[in-house]
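Student: I should like to learn how to read several features of a protein model. Could we begin with the aromatic rings?

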Amino acid sequence: MSRYLNAQYQALEAYVPGEQPRDQRYIKLNTNESPYPPAPSVCAAITQEDVSLLRLYSDPTGKNLKEKLAGLYGVKPENVFLSNGSDEVLNFAFMAFGGKGAVFPDISYGFYSVFGDLYGIDYTQIPLKEDFSLDYQDYCGQGKMVVIANPNAPTGLSIPVDAVEQIVASNPDNVVVIDEAYVDFGGETALPLIEKYDNLLVTRTFSKSRCMAGGRLGYAFGSAALIADLEKIKYSTNPYNLDRLTLKLGEATVDGEDYYQKMCTRIQETRDWTKEQLESMGFQVLPSQTNFLFARTDRMDGQELYLALKARGILVRHFSNPRIDQFNRITIGTPEQMETFLTVIKEILGL
């Protein structure tokens, strides 16, 4: 740290992303990326002309992609915000709507507390219950911005839409952000509620179910007024937040919806099979509506198991939080990758 950094940032604990080894020798089950390539239409979308047009700025409005997303999800283009990954939506939401404070779970996406600290927001982390489920009543009538990942990460658990609605309805003067990064793997979307409530923001990403983590493309749904607020923040920071190629790939992704639904189904099937196999070895595995599992075993310390897997070429995600340090988060890969993972687990545990 240099002596020039503003004092307000000197104690900031930055978000730590999952390991991204460059040598590609690992089976990567640590960052919830898709094990499958984008749809064929996406792979064929970029032409030499598109590359040559990189000399020109991209469309700051993202008009074509907004219209495609609006058509796919049955909303209007003015209800859609485009971002550089869903992290950017969340960043802007904390900046724009966190003035009265914020609340979110103590076990959830690590960036929420980082954004809270970054903007000096008075936030509260509400403990999940002993079984890691979320009691929606804890978030009703808070009088602050509410942020909930649904399904949650790293637990994989979710709450029903009627519970989300009660949270939104009970906080009429504050924005409720529902982070739906994993909703396509069995969750229930709150999207229909944006027609009824002007304080609901639903965030999504192309990184998980759309096989495009490297494309850095996110989006959000909300009332026209909420979206306009986010656009104001965007145009005050980085109006060209999405490059030409990403916008083009995003449009082709929407066109490949059938392909992605099939991939989501395939991942869910592999997830459920992997869960059964782990449980047959004595693991505790939380029920998941995501593309990962959250699991622990009494046979080995959580960090030791993570390190043993890494030494054998398999990466999973381990967290140091004392409430969950006996668990590891396991991204669902291809059936072949999961078979290898399970074989190595048996070797490590001597099963």
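Student: How many aromatic pairs does a search of the whole structure find?

Tutor: A pair of aromatic rings is described by the distance of the centres and the angle of the planes. Rings of Phe, Tyr and Trp (its six-membered ring) pair if their centres lie within 6.5 Å; planes under 30 degrees apart count as stacked, over 60 as edge-to-face and the rest as tilted. Searching the whole structure yields 19 aromatic pairs. In one stacked pair, Tyr-57 and Tyr-240 lie 4.3 Å centre to centre with 15° between the planes. Tyr-57 belongs to the loop between helix 2 (48-52) and helix 3 (63-73), and Tyr-240 to the loop between helix 7 (224-235) and helix 8 (244-255), so the pair ties together parts that are 183 residues apart in sequence. Helices (H or I, at least four residues) and strands (E, at least two) are DSSP runs, numbered from the N terminus. The model is a predicted one, in which local features need pLDDT of at least 70 and side-chain atom pairs count only at pLDDT 80 or more, while totals for chains, interfaces and linings use all residues. Residues are numbered from 1 along each chain as its sequence is written, and side-chain values use heavy atoms, with hydrogens and water left out.

Student: Are Tyr-57 and Tyr-240 buried, exposed or partly exposed?

Tutor: Buried means under 20% relative accessible area, exposed over 50%, partly exposed in between (1.4 Å probe, protein chains only). Tyr-57 is exposed at 62%, whereas Tyr-240 is partly exposed at 37%.

Student: Which residues do ring pairs link into a cluster?

Tutor: The cluster consists of Phe-94, Phe-104, Tyr-109, Phe-111, Tyr-112, Phe-115 and Tyr-123. Among these, Phe-111, Tyr-112 and Phe-115 are also buried residues of helix 5, together with Ser-113, Val-114 and Gly-116. Helix 5 (residues 111-118) is mostly covered, with 6 of its 8 residues buried. The elements covering those buried residues include helix 4 (86-97), strand 3 (102-105) and strand 4 (123-126); contact here means heavy atoms within 4.5 Å. Just after helix 5, Gly-120 has a positive phi of about 65°.

Student: Over which ring does the charged end of Arg-204 sit?

Tutor: A charge sits over a ring if NZ of Lys or CZ of Arg is within 6 Å of the ring centre and within 35 degrees of the ring normal. The charged end of Arg-204 is over the ring of Tyr-73, 5.1 Å from its centre. Arg-296 is placed over the ring of Phe-327, with its charged end 5.9 Å from the centre.

Student: How should one read helix 9, and which of its residues are buried?

Tutor: An α-helix has 3.6 residues a turn, so residues three or four places apart point the same way. In helix 9, the buried residues are Glu-257, Tyr-260, Met-263, Cys-264, Ile-267, Thr-270, Arg-271, Thr-274, Lys-275 and Leu-278. Helix 9 (residues 257-280) has 24 residues and spans 35 Å from its first C-alpha to its last, close to the 34 Å expected at 1.5 Å a residue; the expected span is 1.5 Å times one less than the number of residues. Gly-282, just after helix 9, takes a positive phi of about 95°.

Student: Where is Thr-246, and with which residues is Thr-246 in contact?

Tutor: Thr-246 is in helix 8 and is buried, with a relative accessible area of 7%. Leaving aside neighbours within four places in sequence, Thr-246 is in contact with Met-212, Gly-215, Arg-216 and Leu-217.
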